[in-house]
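Please open the model in your viewer and keep the selection panel at hand. The stops below say what to pick next and what is to be found there.

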Amino acid sequence: MGIPINIVSGFLGAGKTTFINEMIKETTIASDDIAIIVNEFGEVGIDHELMIHAEERLYQLNSGCICCSLREDLASTLEMILKITKEQGRPLKQIIIETTGIADPQPIIQTLKVTPKLSGYFYLDTVFCVVDAVNYQSTLSNYSEAEKQIAMADRFIITKLNEQYAADKQEIQQKLSSINPVADYYEFSFSTIFKADCLFFNQHLFRSFEPQIVETDNYKEQHEHHHHGSVSSMSLSTLIPLEESLMRMWIDWLLMTYDGQLYRYKGLIRVKNYELVIALQGVSTHYTLETTNKSPLDFTSQLVLIGKDLDREKIEQSFKDLVMRSYQEI
């Protein structure tokens, strides 16, 4: 599959670097087998002792990990890492990309998904979003970038829950789930014992689909529409197997109608004449359909869409039309 890449996003001061440091310290993976890419050199919050020449823009920190400053195209940076590590004869087992606090992770995800020259060497493992329990409400209210970081995540890492002005954990989960119901949650603090290999490395969450919906007073049924500001999520389901060509046409319609508005979409779909359930995984206009090991017998297809200003009624009606036309084809 290649070298796994984890993306760690989160707003300014949420604790991204601290979290990464702890994961590196606790993992069984040797530190010199891990590469870290950061958007800005100045954001790295650990020792800046350089072990190889700075003009290569590939740095090894005191921990033994490689650190590279992402100032150019991500694809070029990854190619450079491959080139130099091969020249030095040092294999890599993991790459971590730490975004800036105000960064939108979507372009990074798209680069990893749609660049052919990278697909043979790298794959996207998991997108993490570090959430500050003290400041998350004001951050969400004032910065659209924070909503986007939450929308693109596979796993939330909640920090500062033990501080004086921290919000209630359940309240935070409900807020986050209202934007992104497919991500799960972990609390992070120095007082908690972590097994990084169970929490952070080789999680394969980007390609998985297990909605983590938190029940609230506003969530009464599977199709209920969650929202916070303009970013929302919605789910669709059916017992009817979908006809493949009609399903692909519907996905294409969805992408054209909500171009630039549909951030992430995941699903497990029962497709007519397929012996196994199909997994849908999409970011923006790029998506993949892959077979799973799940039996389609009595299987309920489920899709989750996350995006901005999605027209719930229009999308639900179009999906009902897809289901009806698929039923007529049976």
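Begin by selecting strand 7, helix 7 and strand 8, which in this predicted model together make a right-handed β-α-β unit. With the unit on screen, look at how its two strands are joined: strand 7 and strand 8 run parallel, and five bridges connect them. One place to check this register is Phe156, which stands opposite Tyr185 in strand 8.

Keep strand 7 selected and add strand 6, residues 122-132. This pair, too, is parallel, and extends over five bridges. Here the residue to pick out is Val130, whose bridge partner in strand 7 is Ile157.

Now show the side chains of strand 7 and turn the view from one face to the other. In a regular strand the side chains alternate between the two faces of the sheet. Arg155, Ile157 and Thr159 lie on one side and Phe156 and Ile158 on the other, and all of them are buried, so that both faces of the strand are covered. Because five of the five residues of strand 7 are buried, the strand is largely enclosed by the rest of the structure.

From here, follow the charged side chains. Side chains of opposite charge can pair when their charged atoms come close. The model holds twelve salt bridges, and the next stops visit some of them.

Select Arg155 together with Asp184, whose side chains meet in a salt bridge with an N to O distance of 2.8 Å. Arg155 belongs to strand 7 and Asp184 to strand 8 (residues 184-188), so this pair ties together parts that are 29 residues apart in sequence. Are these two partners buried or exposed? Arg155 has a relative accessibility of 3% and therefore counts as buried, and Asp184 is likewise buried, because its relative accessible area is 15%, with the cut-off for that class set at under 20%.

Next, select Asp132 and Lys160, which form a salt bridge of 3.2 Å, N to O. This pair links distant parts of the chain, 28 residues apart, with Asp132 in strand 6 and Lys160 in the loop between strand 7 (155-159) and helix 7 (169-179). The two ends fall into separate classes of accessibility: Asp132, at 8%, counts as buried, whereas Lys160, at 25%, counts as partly exposed.

For a pair within one helix, go to helix 2 (residues 74-88), where Glu87 and Lys83 lie four residues apart, about one turn of the helix. The closest N and O atoms of their salt bridge are 2.8 Å apart. Glu87 counts as exposed, because its relative accessibility is 55%. As a last stop among the charged residues, select Asp154, Arg264 and Lys266, which are linked in a network of salt bridges.

Now move to Asn6, which is placed in strand 1 (residues 3-10). With a relative accessibility of 0%, Asn6 counts as buried. Which backbone oxygen lies 2.9 Å from a polar atom of the Asn6 side chain? It is that of Phe200. If you display the surroundings of Asn6 and leave aside its neighbours within four places in sequence, the residues in contact with it include Ile95, Ile97, Asp125, Phe128 and Phe201.

Then select Leu239, in the loop between strand 10 (231-238) and helix 9 (244-257). This leucine is exposed, because its relative accessible area is 52%. How far apart are Leu239 and Phe299 in space, C-alpha to C-alpha? The distance is 6.5 Å, although the two are 60 residues apart in sequence. Residues up to four places away not being counted, Leu239 touches Arg270, Asp298, Phe299 and Thr300.

One of these contacts, Asp298, leads to the final stop, on backbone angles. Asp298 sits in the loop between strand 13 (286-291) and strand 14 (301-308), and its phi is near 55°, a positive value in a residue other than glycine. At 64% relative accessibility, Asp298 counts as exposed. To finish, select Asp309, in the loop between strand 14 and helix 10 (312-329). Asp309 also has a positive phi, of about 55°, although it is not a glycine, and with a relative accessible area of 48% this residue is partly exposed.

Terms used: Residues are numbered from 1 along each chain as its sequence is written. This is a predicted model: local features need pLDDT of at least 70, side-chain atom pairs count only at pLDDT 80 or more; totals for chains, interfaces and linings use all residues. Side-chain values use heavy atoms; hydrogens and water are left out. Buried means under 20% relative accessible area, exposed over 50%, partly exposed in between (1.4 Å probe, protein chains only). A polar contact is a pair of N or O atoms within 3.5 Å; within protein, one must be able to donate a hydrogen and the other to accept it, and residues adjacent in sequence count only if both atoms are side-chain atoms. Contact means heavy atoms within 4.5 Å. A salt bridge is a side-chain nitrogen of Lys or Arg within 4 Å of a carboxyl oxygen of Asp or Glu. Two strands pair if DSSP finds at least two bridges between them. A crossover is right-handed if, with the strands pointing away from the viewer, the path from the first strand over the helix to the second runs clockwise.
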